[in-house]
Amino acid sequence: MRRFVLLAACTALAGCASAPPVPCRAGEQPAASDLLYFGTARPRGVVSAQEWQQFLERSVTPRFPQGLSVWPAAGQWRGADGQVVREGSHVLNLVHPDDEASEKAVQEIVSAYKAQFEQEAVLRVRSRACSSL
């Protein structure tokens with residue numbers, strides 16, 4: 001019976017295990033890649049191009065001075081009220097070390113945007129990657 005309980009516990013925990021690291025090739029470094037989706041609709045208007053640029057300059061670049069990519073997008077999502085929201089958005093791609101300092105910086109960016117622009121959410125898609133220069 002004890003073996004059965006141990007086997008059941010191990011099987012259950014295996015489903016919670018993180019994905020194995022991506023095997024990087026020679027000359028590549030393990031990294032994390034974050035795609036962040038920032039909606040621009042606000043309760044009173046939209047986030048302007050100038051406001052977005054200032055946000056990048058003040059909140060993102062100081063945390064990731066090594067570089068980033070950003071592009072405009074059109075998106076939709078279902079809000080907490082159940083309504084589908086269609087809006088212009090910005091996609092930010094950050095490739096960075098997979099460490100606590102970078103994780104904290106990404107979370108700070110998300111929190112800052114939500115607070116500054118009255119956003120319900122910022123979508124984050126995180127994946128493991130290999131990078132090289």
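**Figure 1. The exposed and buried residues of helix 3 in the predicted model.** Glu100, Ala101, Lys104 and Ala115 are exposed, on the other side of helix 3 from its buried residues. Those buried residues are Ser102, Glu103, Ala105, Val106, Ile109, Val110 and Tyr113, and, seen down the axis of helix 3, they fall within an arc of 165°, so they line one face of the helix. An α-helix has 3.6 residues a turn, so residues three or four places apart point the same way. The buried residues of helix 3 are covered by elements that include strand 1 (29-39), helix 2 (49-60), strand 5 (84-96) and strand 6 (123-131).

**Figure 2. The span of helix 3 and the residue that follows this helix.** Helix 3 comprises the 17 residues 100-116, and the distance from its first C-alpha to its last is 24 Å, close to the 24 Å expected at 1.5 Å a residue. Just after helix 3, the backbone of Glu118 takes a positive phi of about 55°.

**Figure 3. The open antiparallel sheet of four strands.** The strands of this sheet are arranged in the order 4-5-1-6, with antiparallel pairing. Strand 4 (69-78) and strand 6 stand at the edges, where each has a single partner strand, so one side of each is left without a neighbour in the sheet. On average, and with direction ignored, neighbouring strands of this sheet are turned by 30° against each other.

**Figure 4. The pairing of strand 1 with strand 5 and with strand 6.** Strand 1 pairs with strand 5 in the antiparallel sense over eight bridges, among them those that join Phe38 to His90 of strand 5 and Leu36 to Leu92 of strand 5. The pairing of strand 1 with strand 6 is likewise antiparallel and extends over nine bridges, including the one in which Ser33 has Ser127 of strand 6 as its partner.

**Figure 5. The packing of helix 2 and helix 3 on strands of the sheet.** Helix 2 lies across strand 1, strand 4 and strand 5, and its direction makes an angle of about 35° with strand 5. Helix 3 lies across strand 1, strand 5 and strand 6, and runs at about 5° to strand 1.

**Figure 6. The disulfide between Cys24 and Cys130.** A search of the whole structure finds one disulfide, which is formed by Cys24 and Cys130, with their sulfur atoms 2.1 Å apart. The link of Cys24 and Cys130 is left-handed, with -90° about the S-S bond. The pair joins distant parts of the chain, 106 residues apart, since Cys24 is in the loop between helix 1 (2-14) and strand 1, whereas Cys130 belongs to strand 6. Because buried means under 20% relative accessible area and exposed over 50%, Cys24 counts as partly exposed at 28% relative accessibility, and Cys130 counts as partly exposed at 25%.

**Figure 7. The protein chain as the setting of the close-up views.** The protein chain has three helices and six strands, which follow the pattern α-β-β-β-α-β-β-α-β when read along the sequence. Of the 133 residues of the protein chain, 26% count as buried. Among the contacts in the protein chain with a separation of 6 or more, 70% are accounted for by residues 24 or more positions apart.

Notes: Residues numbered from 1 in each chain as written. Predicted model: local features only at pLDDT ≥ 70, side-chain atom pairs only at ≥ 80, totals over all residues. Heavy atoms only, no water. Helix = DSSP H or I, 4+ residues; strand = E, 2+ residues; numbered from the N terminus. Expected span 1.5 Å × (residues − 1). Buried < 20%, exposed > 50% of the residue type's maximum accessible area, 1.4 Å probe, protein only. Arc of directions from axis to C-beta. Contact = heavy atoms within 4.5 Å. Pairing = 2+ DSSP bridges. Axes fitted to C-alpha atoms, helices over the stretch in contact; angles between N-to-C directions. Disulfide = S-S within 2.5 Å.
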